[in-house]
Amino acid sequence: MNAKLYLDDLTVGDVFESSQDYEITEEEIISFAKQYDPQVFHLEVEEAKETFFQGLAGSGWLTAAVSMRLTVLFLPLADGLIGAGVDLKWPSPTRAGDLLSVTITITDIKPSKSKPQQGIVSYETITKNQHGDIRQVTNARVLAFKK
C-alpha cells in the first residue's frame, strides 16, 4: 500500500493503478445478491441465461463495492475517502471469473476558499477485468485535507 496522501500531494492528471486484482466468484455474486440485490440475473445461474444479461451477472453494487475497496487501497488519502458526490456507470456486467482492477485519475482539485486546510478532489475510476472490458466508470468527489 502507498503512503498516505494529502491534498498538497495531488495534482490534476495524477494516475493511480491497483497493483493487485480482485477475483469475482460465482459464490460471491450469489451471496451478495441474496443479501442486497435479489434479482434473478444475480441469483440463479440457469434462469439468468434467459434474461437480458444472458447469464449470471454480478450486481452493479457488488462491482461498486469491489471498486471502492481497490480505490481505498490505491488512493490512500490521509483522512479517508470522505464522499462529496458520485456518478456511477456500468457499461458491461461483471461476471464470475473477472479479475477486477482500477485506474484512478485525478480530474480536478478545488481548494476551499472558506476553509483553507481542505478542498474537493474529483477523480475518475475505471474498473476493468483482465480482458480490458470496462465494468464500471466512477466520477467521484471527495473531501481532502492539507498536511
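1. Start at V121. Leaving aside residues up to four places away in sequence, V121 touches L7, L10, I106, D108, I109, A140, R141, V142 and A144. Keep in mind throughout that this is a predicted model.

2. V121 also belongs to the largest nonpolar core, which has 25 residues. Together with F16, L75, L77 and Y123, V121 touches the most other members. Several elements each supply at least two residues of this core: helices α1 (26-36) and α4 (60-74), and strands β4 (99-111), β5 (118-128) and β6 (134-145). As background, nonpolar side chains in soluble globular proteins tend to be buried together.

3. Now the overall layout. The protein has four helices and six strands. Along the sequence they follow the pattern β-β-α-α-α-α-β-β-β-β. The C-alpha trace spans about 55 × 30 × 20 Å along its principal axes.

4. Contacts and burial come next. Among contacts with a separation of 6 or more, 68% join residues 24 or more positions apart. Of the 147 residues, 39% count as buried. The protein exposes about 8,100 Å². Carbon and sulfur atoms supply 52% of that area.

5. On charge, the protein carries 14 positive and 20 negative charges. Their mean positions are 10 Å apart. Side chains of opposite charge can pair when their charged atoms come close. The count here is five salt bridges. Three of the pairs follow.

6. Which side chain meets that of D9 in a salt bridge? The partner is K147, at 3.1 Å from N to O. D9 lies in the segment before β1 (15-17) and K147 in the segment after β6, so this pair ties together parts 138 residues apart in sequence. D9 is partly exposed, with a relative accessible area of 31%. K147 counts as exposed, at 64% relative accessibility.

7. The side chains of R135 and D98 form another salt bridge, at 2.8 Å from N to O. This pair links distant parts of the chain. R135 sits in strand β6, and D98 in the loop between β3 (82-89) and β4, 37 residues apart. Are these two residues buried or exposed? R135 is buried, and so is D98. Both therefore fall under the 20% relative accessible area cut-off.

8. K89 and D87 also meet through their side chains in a salt bridge, at 2.8 Å from N to O. K89 is partly exposed, with a relative accessible area of 44%. D87 is partly exposed too, at 35%.

Definitions and conventions:
Residues are numbered from 1 along each chain as its sequence is written. This is a predicted model: local features need pLDDT of at least 70, side-chain atom pairs count only at pLDDT 80 or more; totals for chains, interfaces and linings use all residues. Side-chain values use heavy atoms; hydrogens and water are left out. A nonpolar core is a set of buried Ala, Val, Leu, Ile, Met, Phe, Trp, Tyr and Cys residues joined through side-chain atoms within 4.5 Å. Buried means under 20% relative accessible area, exposed over 50%, partly exposed in between (1.4 Å probe, protein chains only). Contact means heavy atoms within 4.5 Å. Accessible areas come from the Shrake-Rupley method with a 1.4 Å probe; for residues, only the protein chains shown count as cover. Lys and Arg count as positive and Asp and Glu as negative; His and the chain ends are not counted. The place of a charge is taken as NZ of Lys, CZ of Arg, CG of Asp or CD of Glu. A salt bridge is a side-chain nitrogen of Lys or Arg within 4 Å of a carboxyl oxygen of Asp or Glu.
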